[in-house]
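Please look over the sequence and the model shown here before reading on. The paragraphs after it are meant to be read with the structure open.

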Amino acid sequence: MRALAAQSNFIAHPYPVTPFHGDYLHHADLATAAMARFSIGDAPVGGLKIAARGGLAQSHPEWSARDADWDAEVAEVDAAELVASAMFSVNGWLAPPWVRTGWFHTERLLADAAGEPARRDRIESDLQRLKAGDFTGLVERINLERDLVTLLTSGCRKIVAGYTVKREYINVEFSAGIENVGYDSIAGLHSPIFIRTVKLKDFPWNGWLALGIDGKPAAAWNPIGGMVDPFGRLLGFTVGDPALLPSPYESGWMLNRIADLPPGR
């Protein structure tokens, strides 16, 4: 992990809930303790041979060992795709409500590495309680989330080493450029908040917004069985009108076409 930390584009963070998650403050002390436990610094990792597989090997070839003898596999997971793979839209609602929380991402990343039956049972119990709302208040909910992440990170078969920051590019030149834009802390520009906040410098008189997607459209154009590739999801964000939108910098949701009014109004 210290060897990875030496890479300029890698941020060592051996805790699965990152500052980009809206619920990070609920885990900040645990994240600090994880950093201290792994003693992230400038010292090299002695004797560890790392092989990068999948997308990581393609995106970051400098992280891969030069021979075939390795002890640990480094895998890269796209945070935006992690959200997209669990999100679905039905009847004007984007769901599930916990899709952008750090504890849910931790479960998606690490649950398959829990080998002990007792630990698996405790993980499943905490997960079901969180999904069912089986807690009495905010304090109990936060403690459940912390306990779940602690259980998921207590093993050594699979750990989170850190994260990289994705950079996305926009044109700000007049007159075809963007004057105003909102983005999502996890999904970036590929999000409903981007579509609803982007403003061209020349708009609305004769402006056109040109978007680029990596890869050709591959999914069916219907909201029931398709729209699951990047292009389809962006199309769905554009033409859809969900009641709630993912809050751009939090793990919760913001009102879109509904209002929160006091009783009697």
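What follows is a walk through a helix pair, a loop residue and a further helix.

The model is predicted, and a convenient place to begin is the pairing of helix 4, residues 79-86, with helix 5, residues 102-110. Two packed helices are described by the angle between their axes and the distance between the axes. Here the axes come within 11 Å and cross at roughly 95 degrees, which means that helix 4 is roughly perpendicular to helix 5. On the helix 4 side the contact is made by Leu82, Val83, Ser85 and Ala86, and these meet Phe104, His105, Arg108 and Leu109 in helix 5. Sorted by character, the residues of this contact comprise five nonpolar, two polar and one charged.

From helix 5 the reader can turn to Thr101, which lies in the loop between strand 5, residues 93-95, and helix 5. With a relative accessible area of 8%, Thr101 falls under the 20% cut-off and is therefore buried. The side chain of Thr101 reaches the backbone oxygen of Trp98 at 2.8 Å, and, when residues up to four places away in sequence are not counted, Thr101 touches His21, Asp23 and Ser251.

The last stop is helix 9, residues 230-239, whose buried residues are Gly232, Arg233, Leu234, Leu235 and Phe237. These buried residues of helix 9 pack against helix 8, residues 192-197, and also against helix 4, the helix that meets helix 5 through Leu82, Val83, Ser85 and Ala86.

Key
Residues numbered from 1 in each chain as written. Predicted model: local features only at pLDDT ≥ 70, side-chain atom pairs only at ≥ 80, totals over all residues. Heavy atoms only, no water. Axes fitted to C-alpha atoms, helices over the stretch in contact; angles between N-to-C directions. Helix = DSSP H or I, 4+ residues; strand = E, 2+ residues; numbered from the N terminus. Parallel < 35°, antiparallel > 145°, perpendicular 65-115°, else oblique. Contact = heavy atoms within 4.5 Å. Nonpolar A, V, L, I, M, F, W, Y, C, P; charged D, E, K, R; others polar. Buried < 20%, exposed > 50% of the residue type's maximum accessible area, 1.4 Å probe, protein only. Polar contact = N/O pair within 3.5 Å; in protein donor to acceptor, adjacent residues only side chain to side chain.
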